[in-house]
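Q: Please take one helix of this predicted model and look at it closely. Then set it beside the salt bridges and the cysteines.

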Amino acid sequence: MRIFLDTASIDDIRKGAALGVVDGVTTNPSLVAREGVEYKDRVLEICQVVDGPISAECISTEVDALVEEARRVASWHPNVVVKIPMGVVGLQAIKRLSAEGIKVNTTLIFSANQALLAAKAGAAYVSPFVGRLNDAGQDGLDVIRESVAIFDTYDLQCEVLAASIRGPRDVTECALAGAHVATIPPAILQQMVNHPLTDKGIEIFLNDAKKYSAV
Ligand code: E4P
């Protein structure tokens with residue numbers, strides 16, 4: 001499973017990228033708004049740090065305008081993947097953009113049917129929001145599992161990108177459910193690295209190593 005960072009913080013992206021396990025980045029308008037920077041500038045900065053798919057969300061609410069906006073955003077850098085919200089407008093835009101070879105990440109996916117439609121329209125990724133589904137009393141993993149199974153059955157060339165991850169255990173469960181990618185907030189990636197027994201084990205080994213001379 002590939003790992004993307006779910007943030008627009010350039011410091012966090014630098015720290016995460018230094019671990020050597022980050023394959024891409026996803027942003028959304030809420031994440032960019034927190035940063036107080038120009039959207040295009042930040043997306044380009046991210047592209048300089050991580051050499052992989054960088055999702056940048058488009059916000060137009062009418063098909064022609066959305067297609068125009070997505071073309072403009074996609075032209076910023078070859079690694080930019082345009083994020084298009086699911087819906088009637090979104091599907092029409094995805095169909096046109098994918099026909100032009102523009103990679104689309106369909107965002108705000110909350111059912112396997114939505115994922116199926118987005119994949120049929122030509123999306124490269126669908127992003128089921130696992131945490132928001134769980135918050136609403138549904139099982140977010142069901143959408144991951146079902147979407148993966150449908151794409152496999154019909155050989156649909158679309159990747160399931162698990163989004164709205166709330167904790168390290170969500171990552172394990174998304175991996176077990178067959179997600180192709182999980183996009184992970186930086187703090188959760190750090191939690192995945194650490195384990196108290198690892199820290200304790202290092203402490204014991206370092207103390208014991210003082211009892212002999214190294215060659
Ligand atoms: C990423 O593509 C999504 O926009 C993000 O994971 C949503 O996460 P949230 O539900 O924590 O806002």
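A: What follows starts with helix α4 and then moves to the salt bridges and the cysteines.

Helix α4 runs over residues 63–74, twelve residues in total. From its first C-alpha to its last it reaches 16 Å. That is close to the 16 Å expected at 1.5 Å a residue.

The buried residues of α4 are Val-63, Leu-66, Val-67, Glu-69, Ala-70, Val-73 and Ala-74. They cover an arc of only 165° around the axis, so they sit on the same side of α4. Their cover includes strand β3 (54–57), strand β4 (80–85) and helix α5 (88–99).

The start of α4 has a polar contact. A side-chain oxygen of Glu-62 comes to within 3.4 Å of the backbone nitrogen of Asp-64.

A salt bridge also lies within the helix. Arg-71 pairs with Glu-68, and the closest N and O atoms are 2.5 Å apart. Both residues belong to α4, three residues apart, or about one turn of the helix. In an α-helix, residues three or four places apart point the same way, because there are 3.6 residues a turn. Arg-71 is partly exposed, at 29% relative accessible area. Glu-68 is partly exposed too, at 44%.

Now the wider chain. The structure holds eleven salt bridges. One of them joins the side chains of Arg-2 and Glu-159, at 2.5 Å from N to O. This pair links distant parts of the chain: Arg-2 is in strand β1 (residues 2–6), Glu-159 is in strand β7 (residues 159–162), and 157 residues separate them. Arg-2 is partly exposed at 26% relative accessibility. Glu-159 is partly exposed at 24%.

Another salt bridge brings together Arg-166 and Asp-135, at 2.6 Å from N to O. Arg-166 lies in the loop between β7 and α9 (168–176), and Asp-135 lies in helix α7 (residues 130–135), so the pair ties together parts 31 residues apart in sequence. Arg-166 is partly exposed at 46%, whereas Asp-135 counts as exposed at 56%. Elsewhere, salt bridges that share partners join Glu-35, Arg-42 and Glu-45 into one network.

Last, the cysteines. The count of disulfides is zero. For Cys-158, the closest cysteine sulfur is in Cys-174, 15 Å away. A disulfide needs the sulfur atoms within 2.5 Å, so this distance is too far for a bond. Cys-158 is buried at 3% relative accessibility, and Cys-174 is buried at 0%.

Methods
Residues numbered from 1 in each chain as written. Predicted model: local features only at pLDDT ≥ 70, side-chain atom pairs only at ≥ 80, totals over all residues. Heavy atoms only, no water. Helix = DSSP H or I, 4+ residues; strand = E, 2+ residues; numbered from the N terminus. Expected span 1.5 Å × (residues − 1). Buried < 20%, exposed > 50% of the residue type's maximum accessible area, 1.4 Å probe, protein only. Arc of directions from axis to C-beta. Contact = heavy atoms within 4.5 Å. Polar contact = N/O pair within 3.5 Å; in protein donor to acceptor, adjacent residues only side chain to side chain. Salt bridge = Lys/Arg side-chain N within 4 Å of Asp/Glu carboxyl O.
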